[in-house]
Amino acid sequence: MRNNNNNNNNTNVLNNSNGNGEGNEEDFYPKYTVINDQLIRECIQLKRIEQDDGIDQESKTMKALKIKRENMDFSEIEHLSFSFKNIFRISNLEGFDKLVILQLDNNNITSIENLSHLPHLQKLDLSFNKITRIEGLQNLTSLQYLSLFSNEIERIDGLDNLMELSSFSIAKNKIKDKSSVQYLRRFPKLGMVTLYDNPVCEERDFRNMVLAYLRGLKFFDYRLVEPEEVQTAKERFHNELLKVSDNEEQFEKNLEQDEKKLQEQHMMERANISGIDTLFDDMFDNEVDELLYLFTYCIGDSIEKYKQKFTDKKDEFKQEMFLSMRHKDNEIEELNSTLQKSQYETNVSSKQSIKDFEKKKKQVIGSIKDPSSDSEEEDLRQLDLLERELDVLAEKLIEIEVNQSEAFWDVIEEFIPNYRELDCTSKIQNFFKKLKKIEDKYNGEIKDKLLDQINHISETTNVDISEKAKDLLEDKDQVFSLIQRSKEVHKEVVNQKELKLIQNEKERMTYTLEKVKKDEHERNRSRISEIWTFVKRVKEEIEDTRKEAFNEE
């Protein structure tokens, strides 16, 4: 975590020698500065603080801004401007959780780095630096404005995740290839682009190419884009756009398939059946089965039959687990709904009691502060009475919360056994028991078929058998050893998956039940804390009123 105290170190790099009498980095780069806490505070951009007394307003405003900069928590900063600071490296910007605007223009920066922890950044200005490559921006998914004006960049890329980008300036760089321009087509919200003074601008009919490829462009090189220009540009680049559209259509299909696959994987994970779809292939992905595949001519149908039976059992198991997942979700949803309804009813009662008390408090304190009030004894009595009513209210609120918590625990205690009944451990065990029976049957079947091959090897001349397969069939023990090792490998893969799923099931069950209990403990503790914080605040207000009204120390 960042230290928010002022840092009085000089912003120049490595002020001091290394203690061995050797020179330091400042000797070589005296003009460069680093970003430290002192520089950061100097570069905080704040809205001007309004003064309404009209006396030395500018001076007071500057002083107020300075004080605010010196005491501001870095996590609250929204705008930093490091323009013209001779910075050579982006660093030390951790902890700026609300940073929206970052200006690093007119420096000596050569690399875009150390910005991935600023996901809320919307505007980034890196113009007039020495950057050669676009990188380090993949996490800035909220970025809308990006300026790389006047750098040394040769190619536009590295912006894939910046789908909110609406303004992009990369004029006065070294962009050479028109594919960099076509790359910008993927950003649906891009309405303003500047590209002038790049080598690619010398391409024939360059402006029309840009207008044809970049959809939704409103301003190009600071000039308004007219609809007639766009239509003309699209006509000139009609054939090229057709190819691009075909590629984009295929890309969208692939993207949709990938998204669907990710959703399926997520559902499989939630249902605790990850890896089930690839389990059969995992079982056969070994050197032993590669050798047995040499005998596909006689055991191929057995492998296919085994795979079909395996798939049927797997699909049945998946449906069972998906159904159990929905039942679990329903149980948790019903629990939360019941708790929320109960809490809402209780909150209505508590809020009304607090509202009634606040009304009474306002009347009492208001009457005491009224200049026309002339009975100090009566005022004091009213404050004492108000404080006693506060104590009664506190007891009532605590009692309401205790009853609420007890009611919650009754609901939770009823939920726990119902949820435990949805434990899928037995379903997992039954599924793998079925798989093992299918495996035994398959193993026995291929053993019989290969034994038959061994006994009739001389009669299989009309079948295309590899020399390696023939050599294996000459050794009965070796063939049986392969069959046994294949069974053992399959068993090991299946057992590992079974143990993994059972372990996951137990851990998830424990986590869910413990979380329900933990959430209620935290809710109860938070509510009790809220009540006593409220009581403390009101007591302090009553005491302040006493002191103010009766001039007590």
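Visitor: Which element gives the most to the lining of the second largest pocket?

Guide: Happy to help, and bear in mind that this model is predicted. The second largest pocket is lined by 14 residues, and the elements that give two or more of them are α10 (296-369) and α14 (476-550). With seven residues, the one that gives the most is α14.

Visitor: Thanks! Which residues lie nearest the centre of the second largest pocket?

Guide: The space in this pocket comes to about 270 Å³. By class, its lining has six nonpolar, four polar and four charged residues. Nearest the centre lie L335, N336, L339, V516 and D519.

Visitor: Turning to helix packing, are α5 and α6 roughly parallel or roughly perpendicular?

Guide: Helix α5 (residues 206-213) packs with helix α6 (residues 227-236), their axes 8 Å apart and at an angle of about 95°. Angles of 65 to 115 degrees count as one class, so α5 is to α6 roughly perpendicular.

Visitor: And how many residues of the contact of α5 with α6 are charged?

Guide: From α5 come R207, N208, L211 and A212, while α6 brings E229, V230, A233, K234 and R236. These divide into four nonpolar and one polar, and the charged ones number four.

Visitor: How many residues apart in sequence are the parts tied together by the pair of F206 and F220?

Guide: The rings of F206 and F220 form a tilted aromatic pair, 6.3 Å centre to centre with 50° between the planes. F206 lies in helix α5 and F220 in strand β7 (residues 219-220), so the pair ties together parts whose separation in sequence is 14 residues.

Terms used:
Residues numbered from 1 in each chain as written. Predicted model: local features only at pLDDT ≥ 70, side-chain atom pairs only at ≥ 80, totals over all residues. Heavy atoms only, no water. 1 Å grid on protein atoms, 1.4 Å probe; cavity = no way out; pocket = protein on both sides within 12 Å on 5 of 7 lines; lining within 4 Å. Points joined across faces, edges and corners; volume = space filled by probe spheres on them. Helix = DSSP H or I, 4+ residues; strand = E, 2+ residues; numbered from the N terminus. Nonpolar A, V, L, I, M, F, W, Y, C, P; charged D, E, K, R; others polar. Axes fitted to C-alpha atoms, helices over the stretch in contact; angles between N-to-C directions. Parallel < 35°, antiparallel > 145°, perpendicular 65-115°, else oblique. Contact = heavy atoms within 4.5 Å. Phe/Tyr/Trp six-rings, centres within 6.5 Å; stacked < 30°, edge-to-face > 60°.
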